[in-house]
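Work through the exercises below with the sequence and the model open side by side, and try each task before reading its solution.

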Amino acid sequence: MVWEEELLVEKVCKLYDRISSLESLKPCQNVDTLFTQLVYTCMPPSTIDVTKLSTNVQEIRTKLIRLCGEAEGLLESHYSTILGNSYDNPLNHLNIFPYYSNYIKLGLLEFTILNKHCTNTPTKIAFVGSGPLPLTSIVLASNHLPTSTFHNYDIDPLANSKAMKLVSSDPDLSKRMVFHTNDILDVTNDLKDCEVVYLAALVGMDNEEKNRIIDHLAKHMASGALLMVRSAHGARAFLYPVVDPSDLRGFEVLSVFHPTNEVINSVVIARKSIPMTINSSIEQGLGSMVLQINKCSNELKVSNPLNNGNVIEELVIEEEEEELS
């Protein structure tokens, strides 16, 4: 097992050397080939713990995640431009994007997870880091949540402009897909209206930045609202940042799902903690507890305040994938 991990690390580091020496990460045959090799290297299930790697490899991993993020952004921008400029109805041609089928599977997976913890259909969903090709919002709005409104947040005005062009010709989605050009750290009151908030994998490229965003969401989201966070597990952590459940301060972690198929991202779902007001008296003993419960929080769960840990449900991957196929 040790030699397998050493071989994996060696191959990833060699690919990093080649990728980091590229003059540009814009889509082309050489760039596409190298990143495809990297993805297939990291895709198989692995028990590797990236936090225990050497300092040098940790630095390479950090740089590699940023390179992956830049390349992914350029790829999405490239295809969003093609779709927006080449077709009267761009949404009918999303399959030209190389990883579209992955988003279909990821959308179904996340909807299935969301459905287990949200008894009512959410009316307002926020997606943080939607980008120029907001496939998650499009797939969820089209296939799974036909009455929900999606508020897409991205810091890049050009990305939002391209995204809006994609949905502008669709009479339904153009009304239910709203785009905001904001740094999410500047968004406060609007988050309180959202029953569900999605946090894209590449929003917050390191632990410090990711935790700052999560703490901001914990401060401004409504009590009982759900947070869907994308993370990574095993060797896939060379491609995307890892969100540890312990980082979700102010949230109750409900479940963690680590796919083993071509869906790369792990999914963590958590509920914004519900504040409790306790009025005690001699007659009532501990007194009464007043809790405000969000739409997606009909089933009340009160954590033991003496227990600082969260019970994390590790879903059985093989069974779930059979159900989704």
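**Exercise 1.** In this predicted model, find which helices the buried residues of H2 pack against, and work out how those buried residues are arranged around the helix axis.

*Solution.* Begin with the partners: the buried residues of H2 pack against helix H1 (2–20) and against H3. Next, list the residues concerned, taking buried to mean under 20% relative accessible area; they are Val-31, Leu-34, Phe-35, Leu-38, Thr-41 and Cys-42. Viewed down the axis of H2, these buried residues fall within an arc of 120°, so they line one face of the helix. An α-helix has 3.6 residues a turn, so residues three or four places apart point the same way. Finally, turn to the face of H2 directed away from the buried side, where the exposed residues Gln-29 and Tyr-40 are found.

**Exercise 2.** Check whether the length of helix H2 (residues 29–42) agrees or disagrees with the expected span at 1.5 Å a residue.

*Solution.* The 14 residues of H2 should span 20 Å, and because the end C-alpha atoms are 20 Å apart, the two values agree.

**Exercise 3.** Describe the second largest pocket by its volume, its lining residues and their chemical character.

*Solution.* The volume of the second largest pocket is about 560 Å³. Its lining is made up of 28 residues, and Val-50, Thr-51, Arg-61, Val-242 and Val-243 are those that lie nearest the centre. Sorted by character, the lining residues comprise 13 nonpolar, 9 polar and 6 charged. Helix H3 (residues 55–86) gives the most to this lining, contributing 4 residues.

Technical notes
Residues are numbered from 1 along each chain as its sequence is written. This is a predicted model: local features need pLDDT of at least 70, side-chain atom pairs count only at pLDDT 80 or more; totals for chains, interfaces and linings use all residues. Side-chain values use heavy atoms; hydrogens and water are left out. On a 1 Å grid over the protein atoms alone, a cavity is a set of points where a 1.4 Å probe fits but cannot get out, and a pocket is an open set with protein on both sides within 12 Å along at least five of seven lines; lining residues have an atom within 4 Å of a point. Grid points are joined across faces, edges and corners, and a volume is the space filled by probe spheres set on the points. Helices (H or I, at least four residues) and strands (E, at least two) are DSSP runs, numbered from the N terminus. Ala, Val, Leu, Ile, Met, Phe, Trp, Tyr, Cys and Pro count as nonpolar, Asp, Glu, Lys and Arg as charged, and the others, Gly among them, as polar. The expected span of a helix is 1.5 Å times one less than its number of residues. Buried means under 20% relative accessible area, exposed over 50%, partly exposed in between (1.4 Å probe, protein chains only). The arc is that of the directions from the helix axis to the C-beta atoms. Contact means heavy atoms within 4.5 Å.
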